[in-house]
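Let's take a walk through a protein together, one neighbourhood at a time. Keep the picture open beside you as you read.

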Amino acid sequence: MSAETDAAERYFSSIAAALGGLEVFMRDDRSPLYRHGIVARIVAEYIARLEKSFACWRNRLGFQESFRISRAESGFPVFQNLLELENDRRQADQRLANIPLPGELREEMADFILRRKEFPKALQRSMAERLYLEDVKGEETFGPFSLAQTVKVSVNPKSGLPYYLVHWASFDGAANLPLVYMVTVEDSTDAMVSQLVDKTGKLNEKVEIPLPVEGLLNPELAHKFDDFTEKNSAYSLAPMTIAVNLDRDFETLHPKQLRRVVLGPFYTAGITENNSTVSEVLAKVRKPENAWLLTWTIQEVYSKGEKPGRKGLFSSEKTTQEFFIDTDDLEATRQGVSAYENHALVPHEAYQALYAAGEVQKVFAGYKVHILSNGQVISDV
């Protein structure tokens, strides 16, 4: 096994362990994030997509040896890999038609070994490509951009307006980071209010809503909302900017809360160079599959009130949200959020190594730490 292949195997094993652990954490009803219930479930769905992407990329190494990650920054694959995965998905049927079926390939391989007394590398590559394309075609991976879905509909008893919980995701091409967005938005569109709110001010039970609904529930605004999310999902945009833009761009949509979950950076021994202290300590971890650390940030913007709109003869103003910023919290102000949480997931052995090196306080300052041990996640350490 070459050094590059060995490094790739270590990277894929580490990220698989990290994402698997994160999914366990998100789906665990005892986890501190589960108080947000639906938030954890949404993020877990996107983590499952990421896991499928990594499984596909790992298979791809069987016939294509190049795979680049952002070693010095995010520790995640570079954006080009996502574009290639999408492209391979679109071309999968066409390419599969030109590769023999698995049974035929196995026969050819056996025949080759008997006749030539050597290993059929070219045939093995064809088999690897076939398995990869079948996987890519059938699995829902984490794409460069995932369109919005409405997953919850309710009525605000105070305003009498229906509101939706909508989520979408993107992989930021500049920062090489997976981003998951969720927004709770009230809708004052007359047609939606009359359809969804009954005479008692509750959700009209006669209207069947087959959740999740692809896109924004409001059909008049669904296309415009998709355009908006695609243009306003960059990591460089502060969540506050996205919330203000959404409030400004839609006359009848009123964002009450916007969350962004930033997955990463990811640190793995001997491969990433994004933090020298962490790298030095992780290099001392005995088992390579435990020499990693995954961080993520939950950013939140919420409305503390509304500035009422006015309708005049010559001009009118829409109702606008007054988003909360804690100016005493310099980091929240810098991030452009009402609140934020930093989290870190680390295997027990790596945590012990950091503890023994006296680096726990320095590395995890400002983080909520979760330790992965024997397939379970222990929080509040």
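A salt bridge is a side-chain nitrogen of Lys or Arg within 4 Å of a carboxyl oxygen of Asp or Glu. With that in hand, turn to Arg 89 and Glu 86, whose side chains meet in a salt bridge with an N to O distance of 3.3 Å. Both residues lie in helix 3, 3 residues apart, which is about one turn of the helix. Arg 89 counts as partly exposed, because its relative accessibility is 26% and partly exposed covers what falls between under 20% and over 50%. Please remember as you look that this is a predicted model.

Other salt bridges reach further along the chain. Asp 93 and Lys 137 have side chains that meet in a salt bridge of 3.0 Å, N to O. Asp 93 lies in helix 3 and Lys 137 in helix 5 (residues 121-138), so this pair ties together parts that are 44 residues apart in sequence. With a relative accessible area of 45%, Lys 137 is partly exposed.

Now find Arg 60 and Glu 84, whose side chains form a salt bridge as well, at 3.1 Å from N to O. This pair links distant parts of the chain: Arg 60 is in helix 2 (residues 38-60) and Glu 84 is in helix 3 (residues 79-96), 24 residues apart. Are these two residues buried or partly exposed? Arg 60 is buried, since its relative accessible area is 7%, while Glu 84 is partly exposed at 25%. The two also belong to a network of salt bridges that links Arg 60, Glu 84, Asp 88, Arg 95 and Glu 129. Across the whole structure, a search finds 16 salt bridges. Why do such pairs form? Side chains of opposite charge can pair when their charged atoms come close.

Next, let's look at helix 4 (residues 102-116). How far apart should the ends of this helix be? At 1.5 Å a residue, its 15 residues should span 21 Å, and the end C-alpha atoms are 21 Å apart, so the two values agree. The buried residues of helix 4 are Leu 105, Met 109 and Phe 112. Seen down the helix axis, these buried residues fall within an arc of 65°, which means that they line one face of the helix. On the face turned away from this buried side, you will find the exposed residues Arg 106, Glu 107, Leu 114 and Arg 115. Right after the helix comes Lys 117, which has a positive phi, near 55°.

What do the buried residues of helix 4 pack against? They pack against helix 5. The 18 residues of helix 5 should span 26 Å at 1.5 Å a residue, and its end C-alpha atoms are indeed 26 Å apart. In helix 5 the buried residues are Leu 123, Met 127, Ala 128, Arg 130, Tyr 132, Leu 133 and Val 136. Among the elements that cover them are helix 2, helix 3 and helix 4.

From the helices we can move to the nonpolar cores. In soluble globular proteins, nonpolar side chains tend to be buried together. Here the largest nonpolar core has 54 residues, and those with the most contacts inside it are Tyr 11, Leu 22, Met 26, Phe 54 and Trp 296. Helix 2 gives the most to this core, with 11 residues. Apart from it lies another core, of 25 residues, including Val 185, Val 213, Leu 221 and Leu 253.

A stop at one single residue comes next. Asn 245 sits in helix 8 (residues 239-249). With a relative accessible area of 13%, Asn 245 is buried, because buried means under 20%. Leaving aside residues up to four places away in sequence, Asn 245 touches Phe 228 and Asn 232.

Our last stop is among the strands. Strand 10 (residues 339-347) is mostly covered, as 7 of its 9 residues are buried. Which way does strand 10 run beside strand 6, parallel or antiparallel? Strand 6 (residues 292-307) and strand 10 run antiparallel and are joined by 7 bridges. In this pairing, Thr 295 has Ala 344 of strand 10 as its bridge partner. Strand 10 is also joined by 5 bridges to strand 11 (residues 368-373), and these two run parallel. There, His 343 stands opposite Lys 368 in strand 11.

Methods
Residues are numbered from 1 along each chain as its sequence is written. This is a predicted model: local features need pLDDT of at least 70, side-chain atom pairs count only at pLDDT 80 or more; totals for chains, interfaces and linings use all residues. Side-chain values use heavy atoms; hydrogens and water are left out. Helices (H or I, at least four residues) and strands (E, at least two) are DSSP runs, numbered from the N terminus. Buried means under 20% relative accessible area, exposed over 50%, partly exposed in between (1.4 Å probe, protein chains only). The expected span of a helix is 1.5 Å times one less than its number of residues. The arc is that of the directions from the helix axis to the C-beta atoms. Contact means heavy atoms within 4.5 Å. A nonpolar core is a set of buried Ala, Val, Leu, Ile, Met, Phe, Trp, Tyr and Cys residues joined through side-chain atoms within 4.5 Å. Two strands pair if DSSP finds at least two bridges between them.
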